[in-house]
Amino acid sequence: MANEMDKLNDLSGGAAEEQVVDTTKKVKIGIIGFGGMGRSHFDHLTKNFDRLEIKGIYDISPKACEAAIARGTHVYSSLEDILQDPEL
């Protein structure tokens with residue numbers, strides 16, 4: 001039974017090799033929706049995660065876009081643009 005539990009707990013998929021993660025690279029993300037929660041997430045993430053770069057936001061509201069620009073963040077012109085950005 002313990003062997004079966006070990007198999008269930010093995011998240012590596014049975015791979016014997018360890019994967020190496022480059023911890024010097026920044027993780028780039030985009031935020032869709034920059035209302036109250038989006039702004040809250042933006043503020044929290046930019047203050048607390050050094051390896052995280054918010055590449056930009058998309059929102060249909062001109063006021064939300066203005067708030068993002070005021071924070072120095074790029075605003076994507078369409079949902080398709082943010083979803084198709086190869087850097088994200």
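D43 is partly exposed, with a relative accessible area of 25%. This residue forms a salt bridge with R71, one of four in the structure. The model is a predicted one. Its chain has 88 residues, of which 23% count as buried. The points below cover the fold, the salt bridges, Y58 and a nonpolar patch.

**Fold and surface**

- The secondary structure of the protein chain comes to four helices and two strands.
- Along the sequence, these elements follow the pattern α-β-α-β-α-α.
- Contacts with a sequence separation of 6 or more are 60% between residues 24 or more positions apart.
- The accessible surface of the chain is about 6900 Å². Carbon and sulfur atoms account for 54% of that surface.

**The D43–R71 salt bridge**

- In the pair D43 and R71, the closest N and O atoms are 3.1 Å apart.
- D43 sits in helix α2 (residues 36-48), and R71 sits in the loop between α3 (62-70) and α4, so the bridge ties together parts 28 residues apart in sequence.
- R71 is partly exposed, at a relative accessible area of 36%. D43 is also partly exposed, because its 25% falls between the 20% limit for buried and the 50% limit for exposed.

**The salt-bridge network**

- K28 pairs with E87, and their closest N and O atoms are 3.1 Å apart.
- This pair links distant parts of the chain: K28 is in strand β1 (residues 27-32), while E87 is in the segment after α4, 59 residues apart.
- E87 also forms a salt bridge with K55, with the closest N and O atoms 3.8 Å apart.
- That second pair again links distant parts: K55 belongs to strand β2 (residues 52-58), and E87 to the segment after α4, at a separation of 32 residues.
- Shared partners join K28, K55, D85 and E87 into one network of salt bridges.
- E87 is partly exposed, with a relative accessible area of 44%.
- K28 is partly exposed at 31%, and K55 is partly exposed at 22%.

**Y58 and its contacts**

- Y58 is in strand β2, the strand that also holds K55.
- Y58 has a relative accessibility of 16% and counts as buried, because the cut-off for buried is under 20%.
- The C-alpha atoms of Y58 and I31 are 6.4 Å apart, although the two residues are 27 positions apart along the chain.
- Leaving aside residues up to four places away in sequence, Y58 touches I31, I32, G33, F34, Y76, S77, S78, L79 and I82.
- Two of these partners, I32 and L79, return in the surface patch below.

**A nonpolar surface patch**

- I32, L79 and L83 make a nonpolar surface patch of about 280 Å².
- L79 is in helix α4 (residues 79-84).
- L79 is partly exposed, with a relative accessible area of 33%. That value lets L79 count toward a patch, because patch residues need over 30% relative accessible area.
- L79 therefore has two roles in this picture: a member of the nonpolar patch and a contact of Y58, which is buried because its relative accessibility is 16%.

How values were computed: Residues numbered from 1 in each chain as written. Predicted model: local features only at pLDDT ≥ 70, side-chain atom pairs only at ≥ 80, totals over all residues. Heavy atoms only, no water. Patch = residues over 30% accessible without salt bridge, like charges linked within 9 Å, V, L, I, M, F, W, Y side chains within 5 Å. Areas by Shrake-Rupley, 256 points an atom, 1.4 Å probe, with all protein chains shown as cover. Salt bridge = Lys/Arg side-chain N within 4 Å of Asp/Glu carboxyl O. Buried < 20%, exposed > 50% of the residue type's maximum accessible area, 1.4 Å probe, protein only. Contact = heavy atoms within 4.5 Å.
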